[in-house]
Amino acid sequence: MTAAAELKDTAVTVAGLGVSGVPAAKVLHGLGARVTVVNGTAGERQQAEAAELEALGIPVRLGDGDTLPAGTELVVTSPGWKPTSPLFRAAEEAGLEIWGDVELAWRLRGPNAAPWLAVTGTNGKTTTTRMLAAILEAAGLRTAAVGNIGVSVLDAVLGEREYDVLAVELSSYQLHWAPSIRPHSAAVLNLAPDHLDWHGSMAAYAADKGRVYHGNKVACVYNVADPATEDLVRAADVEEGCRAIGFTLGAPRPSQFGVVDGILVDRAFVADRQRNAQELAETGDVNPPAPHNIANALAAAALARAYGVPPEAVRDGLRAFRPDAHRIAEVAVVDGVTYVDDSKATNTHAAEASLAAYPSVVWLAGGLAKGATFDDLVRGAADRLRGAVLFGADRALVRDALARHAPQVPVVDLERTDTGAMAAAVAAARGLACPGDTVLLAPACASMDMFTNYNVRGDMFADAVRALPATGDRPA
């Protein structure tokens, strides 16, 4: 099945409600498919979503996400469902295809659909995708940042608005269920252990990330500092003439983007790249100009230049870009101490980049480790840690790593998980910090043990910081 017409009268089971399942069910129903939605939980939100779909004539089974409805011919899944789910085992035994919402969107594209510039990686995906969209807009192109970023790619593909090109953020979950997508160009920003409980192994996780390169037409963008991303390029089956384009925080070699004397430069999409480079922007045009964010900007620039945007659009787009909340966002300076919210640092790789941006840190960390270990993270940051405040379900893992690799660092271990826990963490961090230090919320863990999501965690941190006594009122 490759076209909307072929879905008519097809019995489709949609696995999961939420931001992916509900739009997918509506789209399929509108195309004339016979849709049934299944969902393993039956909470208040799920009941409301089910009522909305049932009002359209779409049956929903709540509380049973394991049983494949009789007569199913195709399964369309929300990205979070694990490949080992009983529903999928039953579908595979029946010889059925399993699509994600991204795969569905790709197959429903029209003949003149906007090409995709795709971004994936363990960290930095959303920032890079939004930077890319800002650059494309600065070039006068009709575009949008879609996909895992919160805007459904289905809505972008099937909506009334016409686009010249789409900036598409893709998670490893989405890529796992999207075997057919073929972007114009794509980037893998970095690879580090994450979601291994879902993928089963690092090799499987990397392989799903690498799917983003398959069928690329112009450029496969990789991280020079992360050889595993280049390995994925080498393994990809791309169109004839597609090029490998690296990005680096150092001086670039031919077919790379990099930094020279504080200038972001393109040595890939220029005439005589052996001897020439094109200036694109200054590092000061990147907001914030932390090293890992400059790397994000270089990746975005590489994808945009692969699409043919002029150099000045890269500069103007980066200047116009504003980062999302909870990404190395300065909250306040109190008594000479800077408080920074990077609640989005939900894994060790992201926390490593965040810690590397500051010379003297009191670190707030902990939460759900998702199978991660912290020895390498702590070992690499030990010389810049002035203190640590730990909270959450897996804080002992961080505490033990600190004891092994940074025994000189004072640690406050908070057992409490009530609504006042973050305020207590901020107060404890303040007690450890001196003027010139940065109190950094970069938890290296997921948030759901104590908070609804990382946004709520960051908001509570910011609220606690803003509630600190005014400068000069610090207790003795």
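The radius of gyration here is taken over C-alpha atoms, and the globule rule is 2.2 Å times the number of residues to the power 0.38.

**Figure 1. The whole chain in one view.** This is a predicted model, in which local features need pLDDT of at least 70 and side-chain atom pairs count only at pLDDT 80 or more, while totals for chains, interfaces and linings use all residues. Residues are numbered from 1 along each chain as its sequence is written, and side-chain values use heavy atoms, with hydrogens and water left out. For 476 residues, a compact globule would have a radius of gyration near 23 Å, and the chain has 23 Å, so the two agree. The C-alpha atoms fill a box of roughly 75 × 60 × 35 Å along the principal axes. You'll find 17 helices and 20 strands (DSSP runs numbered from the N terminus: H or I of at least four residues for helices, E of at least two for strands). Buried residues make up 54% of the 476 (buried is under 20% relative accessible area, exposed over 50%, partly exposed in between, with a 1.4 Å probe and protein chains only).

**Figure 2. Close-up of aspartate 266 in strand β13 (residues 263–266).** Aspartate 266 is buried, because its relative accessible area is 0%. Its side chain joins that of arginine 305 through a polar contact of 2.8 Å (a pair of N or O atoms within 3.5 Å; within protein, one must be able to donate a hydrogen and the other to accept it, and residues adjacent in sequence count only if both atoms are side-chain atoms). Leaving aside neighbours within four places in sequence, aspartate 266 is in contact with Gln256, Phe257, Ala277, Gln278, Leu280 and Arg305 (contact means heavy atoms within 4.5 Å).

**Figure 3. Close-up of asparagine 347, in the loop between β16 (337–341) and α13 (348–356).** Asparagine 347 sits in a loop, yet counts as buried because its relative accessibility is 4%. Its side chain reaches the backbone nitrogen of alanine 350 at 2.9 Å. Not counting residues up to four places away in sequence, asparagine 347 touches Thr122, Asn123, Asp194, Ala444 and Cys445.

**Figure 4. Close-up of alanine 139, in the loop between α5 (125–138) and β7 (145–147).** Alanine 139 is partly exposed, because its relative accessible area is 31%. Alanine 139 and alanine 304 are 165 residues apart along the chain, but their C-alpha atoms are separated by 9.4 Å. Who does alanine 139 touch, not counting residues up to four places away in sequence? The list is Val309, Pro310 and Ala313.
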